[in-house]
Amino acid sequence: MLDHESVRRLRACAQALAGGAREDSAEAVVRRVCAFQAQDATAADLGIRVHGRDITAQAIRTAYEKERSIVRGWYMRGTLHTLPSDDARWVLRLLSPRIPAATSRRYQQLGLDDDLRQRADHLIRRVLAALGPLSRAELTEHLTTLGISPDGQEPFHLIRPRNPSSDTRGQLTGR
């Protein structure tokens, strides 16, 4: 049986934090650790860099925006996670069935009826198809054309993915 120190050492090596194990790309880092949870994009980037070998902030930006090999999205608990792009769909399908039940009451409180949510979904898809990855603030700007206030919780609830069988905003937004 392994002692606690051996377990800690093995875990640090597996997470590319010790033992000389470092990954060469943002995608390889994220794949190795499965996902990074961070509400702040800078914190997510720093987490990736800590686990990597000479990965620059620009390399991470390229992975999100040009290569699209990693994505940030809301996959559980309403918190942002960075995942490898090709894992985003199956993770969302696995974790999202609870999202509609958990958010239905909140939609009512915010006045986000089915019609408004559908119009917002259509707008978001159209904008992302035309412009590519956008930040939450940039998507929020577009939602204001539907009369959505940029200052409240409404944009978050309209941007966060709800339908696991469709292309998700989590897969399309890079930042």
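Reader: Which hand does the crossing of helix 3 and helix 4 have?

Author: The crossing of helix 3 and helix 4 is right-handed, a word used when the near helix is turned clockwise from the far one by less than a right angle, with anticlockwise giving left-handed. Do keep in mind that this is a predicted model, where local features need pLDDT of at least 70, side-chain atom pairs count only at pLDDT 80 or more, and totals for chains, interfaces and linings use all residues. Residues are numbered from 1 along each chain as its sequence is written, and side-chain values use heavy atoms, leaving out hydrogens and water.

Reader: Why are helix 3 and helix 4 called roughly perpendicular?

Author: Their axes come within 10 Å and cross at roughly 110 degrees. Angles of 65 to 115 degrees count as roughly perpendicular, under 35 as roughly parallel, over 145 as roughly antiparallel and the rest as oblique. Helix 3 and helix 4 are therefore roughly perpendicular to each other.

Reader: Which residues meet there?

Author: Helix 3 brings Ala44, Asp45, Ile48 and Arg49, and helix 4 brings Ala57, Ile60, Arg61 and Tyr64, contact meaning heavy atoms within 4.5 Å. By class, five of the residues in this contact are nonpolar and three are charged, with no polar ones.

Reader: And what makes helix 7 and helix 8 oblique?

Author: The axes of helix 7 (residues 114-131) and helix 8 (residues 136-143) come within 10 Å and cross at roughly 125 degrees. That value lies in none of the named ranges for parallel, perpendicular or antiparallel, and helix 7 and helix 8 are therefore oblique to each other. Helix 7 passes helix 8 in a right-handed crossing. From helix 7 the contact takes Ala120, Leu123, Ile124, Val127, Leu128 and Leu131, and from helix 8 Leu139, His142 and Leu143. Eight of the residues in this contact are nonpolar, one is polar and none is charged.

Reader: How do you know that Val33 is buried?

Author: Buried means under 20% relative accessible area, exposed over 50% and partly exposed in between. Val33 has a relative accessible area of 12%, so it is buried. Val33 sits in helix 2 (residues 26-33). Leaving aside residues up to four places away in sequence, Val33 touches Gln15 and His51. Val33 and Ile48 are 15 residues apart in sequence, with 9.4 Å from C-alpha to C-alpha.

Reader: Why does Asp54 count as exposed?

Author: Asp54 has 74% relative accessibility, so it counts as exposed. Asp54 lies in the loop between helix 3 (41-51) and helix 4 (57-65). Its phi is near 55 degrees, a positive value in a residue other than glycine. Most residues other than glycine have a negative phi.

Reader: What makes Arg68 partly exposed?

Author: The relative accessibility of Arg68 is 35%, so Arg68 counts as partly exposed. Arg68 is in the loop between helix 4 and strand 2 (70-76). Arg68 also has a positive phi, about 55 degrees, although it is not a glycine.

Reader: How many helices and strands does the whole protein have?

Author: There are ten helices and three strands, where helices are DSSP runs (H or I) of at least four residues and strands (E) of at least two, numbered from the N terminus. Along the sequence the pattern reads α-α-β-α-α-β-β-α-α-α-α-α-α. Of the 175 residues, 44% are buried. Among contacts between residues at least 6 apart in sequence, 54% join residues at least 24 apart.

How values were computed: Axes fitted to C-alpha atoms, helices over the stretch in contact; angles between N-to-C directions. Nonpolar A, V, L, I, M, F, W, Y, C, P; charged D, E, K, R; others polar. Buried < 20%, exposed > 50% of the residue type's maximum accessible area, 1.4 Å probe, protein only.
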